[in-house]
Amino acid sequence: MPRTLAVEIVTPERIVYTNEVEFVVVPTFDGEMGVLPLHAPLVGVLKPGEVRVKYGDTTDWFAVSGGYIQVHEDKVIILADNAVSASQIDVEEARRTKERAQERLKEIGHAGDEVDGLALDLDWAEAQLRVGGSHAQV
Amino acid sequence: MPNLRDIRQRISNVQSTRQITRTMEMVATAKIRKAQSRIESARPYALSMMEVLGNVARFVRDAKHPLLEEHEKHERVVIVTVVSDRGLCGAFNSNILRMAEGLMREEAAQGAESDIIAFGKKAIGYFRYRGIEPMASYRDVSDKPSIEEARSIATRVIEAYSAGEIDGVKMVFNRFKNAAEHIAEIHDLLPIKHTVVEDETDAMQLNPEYVFEPSADAVLEHLLPTYVETLVYRALLESAASEQGARRSAMKSATDNASEMITSLTRTFNRARQGAITNEIAEIVGGAASLEDE
């Protein structure tokens, strides 16, 4: 039995996922970061993107809308503002959100609070599309 | 002598009222459970969040962040009042609203104006009636608050605070103790007290060196607004659960009172009926006696 990581993905509303896994990949602002067992203690900020979790021959995919990761003694906590597993993603809905956000962004055209919010919506929708589009069967 | 028909009418009125209050009581009981489980499912996030915040805070001892900074002036504060959309829940709303008003007076005594963020229709109505227009109001969400509302409230106050428009944010809400008890509480939201952050730290066992990605300051900067969101979200959830608890108690005593009233009305009704029968007998006896005399 190889050493494993206890991973937990939680959002303010519920626990999305808990499992014993061998490898976790998360999206940080400087690029993807992989966590293996015996990783040094770490706290990091996540951007919207995909989280991959590997154990045995299986990989679970999730879309997260940004949040935090804490690694400590083989325990990985991912605090996400929003998170869904690949099979739960509503691709159609995400596509609509993306289009709405893009149109609205074009209409406004200048920076401001609403633009920041829309940019987040857009990132979140794109993250869902990337994960949901290619890995929905998992 | 009260009219028999009138009494019968009243009994059936009270009975149908009791039917309604009893139903509301049962509905509230079912909703408490749901609201409680929502608090439960928010707990893991809040706990982990505190842990992370504590870890970060240890490395950024004298952190400089607008949300930790106390303003030198004290001219304008925001009071977030969290109540319900519906009534029929006893003193649930009036406690909070009275507390909020007291707070406004206190702030006024210190020379600070207060703005209101009203969560729940009852707060909107209350303050409008007194000529106070809330700077933001939220309606039709009090029994099922989501993180979206919490985020929206948090964002508003954080922006105003960072911009220096306001110098403090307080939140008044009912803390859920158990299904029968809730406590009206005032919570300081902003500025975030250094002690809050440091207390969390002391509770943590001292961990070895942490790696921060991208940096401790950057993590803290992201984390503090999330912390405020989490606090607001929790308050909204607790208030929602308390509301159902308060409604259940209120409806239970209404049901009990109705039952009591039915008992006493039934008694009056029986007495009146017996009186009428006695009267009739007396008349018959009198009539018979007058016949015998002939």
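**Figure 1. Pro214(B) lies in the loop between E6 and helix H6 (216-293) of chain B.** The peptide bond from Glu213(B) to Pro214(B) is cis, and its omega is near 0 degrees. Helices (H or I, at least four residues) and strands (E, at least two) are DSSP runs, numbered from the N terminus. This is a predicted model, in which local features need pLDDT of at least 70, side-chain atom pairs count only at pLDDT 80 or more, and totals for chains, interfaces and linings use all residues. Residues are numbered from 1 along each chain as its sequence is written, chains are lettered from A and ligands numbered from 1 in the order in which they are written, and side-chain values use heavy atoms, with hydrogens and water left out.

**Figure 2. A cis peptide bond joins Leu190(B) and Pro191(B).** Omega here is about -5 degrees. Pro191(B) sits in the loop between strand E5 (181-190) and helix H5 (194-203) of chain B. Most peptide bonds are trans.

**Figure 3. E5(A) pairs with strand E6 (residues 211-213) of chain B.** Three bridges join these strands, which run parallel. Pairing requires that DSSP find at least two bridges between two strands. Gly44(A) stands opposite Glu213(B). Glu213(B) also begins the cis peptide bond to Pro214(B).

**Figure 4. Chain A meets chain B.** Contact (heavy atoms within 4.5 Å) involves 25 residues of chain A and 29 residues of chain B. The two chains bury about 2300 Å² between them, with 61% from carbon and sulfur atoms. Buried area is the accessible area (1.4 Å probe) that two parts lose on being put together, summed over both. Pro12(A), Val43(A) and Tyr68(A) lose the most area on the chain A side, together 28% of what that side buries. Nine residue pairs are in polar contact, both residues at pLDDT 80 or more. A polar contact is a pair of N or O atoms within 3.5 Å; within protein, one must be able to donate a hydrogen and the other to accept it, and residues adjacent in sequence count only if both atoms are side-chain atoms. The rule finds zero salt bridges across this interface. A salt bridge puts a side-chain nitrogen of Lys or Arg within 4 Å of a carboxyl oxygen of Asp or Glu. E5, E6 and strand E7 (75-80) of chain A each give two or more residues to the side that touches chain B.

**Figure 5. Domain 1 (5-86) and domain 2 (89-135) of chain A.** The bounds come from an automatic or database domain assignment. The domain centres, taken over C-alpha atoms, are 22 Å apart. Contact takes 13 residues from domain 1 and nine residues from domain 2. About 930 Å² is buried between the domains, 73% of it on carbon and sulfur atoms. Pro48(A), Trp61(A) and Ala86(A) lose the most area in domain 1, together 46% of what that side buries. The rule finds zero salt bridges across the domain interface. It also finds zero residue pairs in polar contact there, with both residues at pLDDT 80 or more.

**Figure 6. E1(A) and E2(A) form a hairpin.** Four residues lie between the two strands. Six bridges join E1 (residues 5-10) to E2 (residues 15-21), and the strands run antiparallel. Glu8(A) stands opposite Thr18(A) in E2(A).

**Figure 7. Leu38(A) has a positive phi, near 70 degrees.** Its place is in the loop between strand E4 (31-35) and E5 of chain A. Most residues other than glycine have a negative phi.
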